[in-house]
Amino acid sequence: MQTKLDVKDANEADKKIPKDLVIIYQGKPYATKSALEWKAMYLYGGGNFGVTTEIIERQKDYVLAKATMKTKDGLEYSNFGEASLQNVTNSMMHKYLLHLAVTRAECRVLRMATACAYASIEEMDTNGDDKAIPISPDDAKLATADQLSAAKSMGKKVPAGATQAEIKKIIAEG
């Protein structure tokens with residue numbers, strides 16, 4: 001017996017993703033894994049789908065994972081995620097290549113199954129040399145007390161009269 005699917009507009013669902021689940025990075029929106037899970041719940045309903053993963057290849061410096069999403073209505077989607085020393089530039093994350101590959105695979109299969117217009121932030125290497133400091137209308141104003149306190153707690157020297165833009169750069173340089 002054929003079941004009737006309750007089809008919702010995936011494009012409209014993108015607009016309904018809670019804003020705190022979307023990250024703006026270098027001026028572009030990226031979905032968090034939570035945003036993709038939210039959208040799947042919205043489109044398919046809770047308990048109507050499941051995601052499984054398997055490790056396809058695992059080496060010391062490379063992991064390939066496969067994620068499969070199946071719905072109760074019989075739809076099935078699969079996609080892959082990989083993590084390696086080449087595509088994870090943050091050396092502190094190298095010991096988590098397995099987890100990164102699995103998360104990337106899950107994000108890709110959720111993006112595929114929900115026709116999400118956003119790339120997921122978990123798929124991005126956001127620790128590269130091309131980091132952008134967010135621009136704010138308040139950048140020309142004097143640094144806030146919280147910004148000054150954060151910079152000083154990091155042992156940074158802050159010039160007198162520093163603007164919010166200047167202090168953000170000082171803090172970002174770690």
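User: In what order do the 3 strands of the open sheet stand?

Analyst: The model is predicted, so local features need pLDDT of at least 70, side-chain atom pairs count only at pLDDT 80 or more, and totals for chains, interfaces and linings use all residues. Residues are numbered from 1 along each chain as its sequence is written, and side-chain values use heavy atoms, with hydrogens and water left out. Strands (E, at least two residues) and helices (H or I, at least four) are DSSP runs numbered from the N terminus, and two strands pair if DSSP finds at least two bridges between them. With antiparallel pairing, the order in this open sheet is S3-S4-S5.

User: Which strands are the edge strands?

Analyst: An edge strand here pairs on one side only. That applies to strand S3 (49-59) and strand S5 (76-84).

User: By how much are neighbouring strands of this sheet turned against each other on average?

Analyst: Axes are lines fitted to C-alpha atoms, for helices over the stretch in contact, and angles between N-to-C directions run from 0 to 180 degrees. For neighbouring strands of this sheet the direction is ignored, and the average turn is 20°.

User: How many bridges join S3 to strand S4?

Analyst: Strand S4 covers residues 62-71 and runs antiparallel to S3. One of the pairings is that of Gln 59, with Tyr 62 in S4 as its bridge partner. The number of bridges joining S3 to S4 is 10.

User: Which helices lie across S3, S4 and S5?

Analyst: Contact means heavy atoms within 4.5 Å. Residues 33-44 form a helix that lies across these strands and runs at about 140° to S3. Residues 97-114 form another that lies across them, at about 145° to S5. The helices are H2 and H3.

User: Which residue meets Asp 14 in a salt bridge?

Analyst: A salt bridge is a side-chain nitrogen of Lys or Arg within 4 Å of a carboxyl oxygen of Asp or Glu, and the whole structure has 5 of them. The Asp 14 side chain has its partner at 2.5 Å, N to O. Asp 14 is in helix H1 (residues 10-16), while the partner is in helix H2, 25 residues apart. That partner is Lys 39.

User: Are Asp 14 and Lys 39 buried or exposed?

Analyst: Buried means under 20% relative accessible area, exposed over 50%, and partly exposed in between (1.4 Å probe, protein chains only). Asp 14 has 6%, and Lys 39 has 0%. Therefore Asp 14 and Lys 39 count as buried.

User: Which residues are joined with Lys 33 into one network of salt bridges?

Analyst: Lys 33 meets Glu 37 in a salt bridge at 3.8 Å, N to O; being 4 residues apart in helix H2, they are separated by about one helical turn. Lys 33 also forms a salt bridge with Glu 106, the closest N and O atoms being 2.5 Å apart. Glu 106 lies in helix H3 and Lys 33 in helix H2, so this pair ties together parts 73 residues apart in sequence. Shared partners thus join Lys 33 with Glu 37 and Glu 106.

User: Which element gives the most residues to the largest nonpolar core?

Analyst: A nonpolar core is a set of buried Ala, Val, Leu, Ile, Met, Phe, Trp, Tyr and Cys residues joined through side-chain atoms within 4.5 Å. The largest has 28 residues, of which Ile 17, Leu 36, Tyr 44, Met 69 and Ala 83 touch the most other members. H1, H2, S4, S5 and H3 each give two or more residues. With 9 residues, the element giving the most is H3.
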